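Here are my notes for your review. Please read them with the structure open beside you.

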Amino acid sequence: MAKAPQKLVLSGSRDIPFDRLQLSQSNVRRVKAGVSIGELAADIARRTLLQSLNVRPILDSEGQETGQFEVPAGGRRFRALELLVKQKRLAKNAPIPCVVRIANDEVSAEEDSYAENTHREALHPLDQYRSMKLLADGGQDAEDIAARFMVTPAVVRQRLKLASVSPKLHEIYAEDGMTLEQLMAFSVSDDHERQQQVWELLAHSYNKSAAYIRGKLTEDTVRVADKRVRFVTVDAYIAEGGHVMRDLFEDDDGGWLTDPALLDRLVTEKLQAEGEKIGAEGWKWIATAVDLPWGVTNDLREIDGVPVERTVEEEARLAELETEAEQIEAQWADEHDVPDEVHERLAAIDAEIGALTERPLTFVAQEMARAGVFVSIEVDGTLCIERGYVRPEDEPVVEADTVAGGEADADTSSAAGDDEAGSSADAPASNVVPIAGSAPDDDEADEEMVKPLSDRLVAELTAWRTLALQDALAQSPSTAFAAVLHAFVLDAFYMASRESCLQVTLNKASFGFSPTGLRDSAPARAIAERHKRWEERLPENDKTLWDMLLQLDGAEQAALFAHCASMVLNAQQEVVPKYDNGRVSKHSIERRIAHSHVLARAVGLDLVGAGWHPTVAGYFQSVTKPRILADVADAKGPKFAEMIDHLKKGDMANEAERLLEDAGWLPEPMRTPALLDHSVADPAPDAEAVDLPAFLDEEESTADGDDGAYAAAA
């Protein structure tokens with residue numbers, strides 16, 4: 001008859017007075033890690049000992065038990081109890097629950113110690129969430145829960161934030177169907193249905209990263225860092241019932257606003273209110289927009305304002321700030337590690353000095369009555385106010401000589417009176433007029449063929465390219481000199497005539513179509529800043545301009561020359577009207593674009609480096625689905641296009657923007673074709689190496705009294 005298998009016998013447990021225990025040298029934990037002894041002692045004092053100590057009797061030299069016990073497993077608990085005894089919060093002989101192993105067990109004490117520290121599993125994050133949620137539902141706040149479990153309040157909030165994730169996704173995570181990073185990414189949204197849609201979308205996507213999940217869940221929201229949000233403030237948005245999504249697991253830069261329509265209404269209302277305040281100054285009209293169109297001030301006359309003098313108090317404050325800045329700079333000039341507080345103070349001083357030195361302007365009331373103001377929003381959310389622009393139709397009319405005596409005067413007065421009465425009767429309640437943004441052309445998203453880019457989109461893309469090319473040309477004086485010289489030669493030898501004593505005019509380029517945000521693009525800002533620097537240096541009176549130019553050295557003359565040349569560059573592929581308007585023709589545009597390629601190669605134009613990349617708003621929303629797929633295939637390869645070919649137009653456009661963000665891809669109208677036939681005349685790749693007049697050579701010294709090109713001309 002077979003014997004029954006021997007049953008397992010567990011080690012016995014009993015309470016042993018604390019003063020009969022001592023820490024064993026067999027304990028393998030030697031390095032401090034995790035919760036400190038003090039925190040563990042506080043936890044034991046709160047809830048008593050939850051886990052027994054593992055002990056073995058200590059034998060004397062004859063192998064007999066001494067009544068003392070060593071603790072090979074549970075050393076941190078022993079030290080925490082020892083600390084409580086020292087604090088007189090626990091009696092020296094307090095009974096301690098222990099599991100007692102035999103002294104000569106075949107399993108060593110070191111193995112017991114190692115096993116206890118190894119065979120443990122950290123609590124699953126989902127179990128942490130459920131446990132903390134029970135405590136939170138019981139009325140405990142995040143700080144209390146954190147204090148009791150030796151974690152930070154941020155960890156508690158992160159775990160509780162998982163409550164916003166769909167229970168279906170909880171189940172998938174519990175079954176190891178997704179990672180913790182993915183689950184945390186879903187917590188950015190409270191919309192369970194949308195969360196599940198995005199999870200299903202991942203099944204067809206090669207990208208399953210947490211960042212991609214966050215991007216899909218926030219694609220219809222507005223970042224708090226957006227200039228519109230900074231303008232109206234998050235507090236005002238929330239006060240109107242708006243909701244802000246936050247990501248407790250990643251730096252979310254303030255979060256996302258979930259109600260763009262509410263935000264747009266608040267922006268419109270605040271712009272209107274700010275416009276009304278400015279209109280009260282006496283202006284005829286105020287035009288408001290989040291982003292002003294490019295060239296909005298073209299053909300408008302700018303009236304001159306007089307800076308307001310600083311008061312005695314402002315002068316004193318300015319001197320005080322300048323003295324403080326000099327003292328701080330002198331104190332920290334030789335220090336390598338300057339505290340952040342010092343940098344912050346210097347930044348604050350610079351900001352205040354800037355506010356005191358940039359004086360507001362006052363205008364003549366008569367001029368203000370016929371002029372207007374443009375109001376828009378800067379990148380940092382502050383107002384951008386551009387005062388003093390007169391429209392052509394508002395210019396004062398020069399009255400003809402009186403030929404009919406009083407009768408003519410009476411007629412004129414009568415007509416003027418009628419006009420004024422009519423205009424007063426028809427005048428709107430407000431002189432603040434919003435400027436509508438340009439909307440993309442309607443597009444049939446379900447087209448089966450890859451259609452050519454629309455004329456309007458091509459015009460918008462090449463407007464961006466033109467600005468970048470202008471900025472590049474202004475930084476290459478030699479190429480700019482050659483470009484204008486080229487125009488001079490055309491005028492001199494090819495029967496071109498222009499009304500100027502030099503037979504050349506600088507007609508500043510303007511764009512019939514321009515993409516949204518063009519004024520805030522990197523090239524536009526660089527051009528504006530460069531123009532402002534020169535404007536501040538040039539004299540107000542043009543009668544002294546010549547003398548001032550003669551005082552510039554060769555490099556400065558060349559830089560100013562290049563800037564002026566860049567302003568007249570126009571590489572936009574304009575929309576050719578159906579019927580000839582006598583202004584622009586297809587042939588002239590083709591020649592213009594061809595020459596722009598010549599200049600682009602000469603200056604090494606890099607649109608990607610200049611900041612352009614394909615976005616939904618700037619490109620993909622204006623093209624068809626087949627075009628999007630063709631562009632993705634062109635930039636990344638057919639496999640990437642296949643990954644998104646099942647998506648709807650909106651999702652496809654968003655995914656294409658993400659795929660091509662760092663691809664360095666450009667639409668065909670923005671590309672500069674390579675020069676295939678080197679026999680064609682074209683500037684050398686290194687345009688700066690061309691032999692140029694002395695005043696264009698930045699390395700040539702002008703110390704010998706050479707006044708540059710203007711001196712030579714004189």
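1. Start with one pair of residues in a parallel strand pairing. Asn54 stands opposite Val99 in E5. Keep in mind throughout that this is a predicted model.

2. That pair belongs to the contact between E3 and strand E5, residues 95–100. The two strands run parallel and are joined by three bridges.

3. E3 also pairs with strand E4, residues 65–73. Here the sense is antiparallel, and there are four bridges. Leu59 stands opposite Glu65 in E4.

4. Look at the turn between these two strands. E3 and E4 form a hairpin, with five residues between them. Gly63 sits in that turn and has a positive phi of about 85°.

5. Is E3 enclosed or open to the outside? The strand covers residues 53–59, and five of its seven residues are buried, meaning under 20% relative accessible area. E3 is therefore largely enclosed by the rest of the structure.

6. Now move along the chain to another sheet. It is open, has five strands and shows mixed pairing. The strand order is E10-E14-E13-E9-E15. Strand E10 (301–302) and strand E15 (432–434) stand at the edges. Each has a single partner strand, so one side of each is left without a neighbour in the sheet.

7. Within this sheet, check strand E9 (residues 285–288) against strand E13 (residues 372–377). They run parallel, with four bridges joining them. Trp285 stands opposite Gly372 in E13.

8. What lies across these strands? Helix H13, residues 260–279, lies across E9, E13, E15 and strand E14 (383–390). H13 runs at about 150° to E13.

9. Next, a helix pair. Two packed helices are described by the angle between their axes and the distance between the axes. For helix H20 (residues 522–537) and helix H22 (residues 554–567), the axes come within 11 Å and cross at roughly 130°. H20 and H22 are therefore oblique to each other. The crossing of H20 past H22 is left-handed.

10. Which residues of H20 and H22 meet? From H20 come Ile527, Arg530, His531, Trp534 and Arg537. From H22 come Glu556, Ala559, Leu560, His563 and Met567. The residues of this contact divide into five nonpolar, two polar and three charged.

Key
Residues numbered from 1 in each chain as written. Predicted model: local features only at pLDDT ≥ 70, side-chain atom pairs only at ≥ 80, totals over all residues. Heavy atoms only, no water. Axes fitted to C-alpha atoms, helices over the stretch in contact; angles between N-to-C directions. Parallel < 35°, antiparallel > 145°, perpendicular 65-115°, else oblique. Left-handed = near helix turned anticlockwise from the far one by under 90°. Contact = heavy atoms within 4.5 Å. Nonpolar A, V, L, I, M, F, W, Y, C, P; charged D, E, K, R; others polar. Buried < 20%, exposed > 50% of the residue type's maximum accessible area, 1.4 Å probe, protein only. Pairing = 2+ DSSP bridges.
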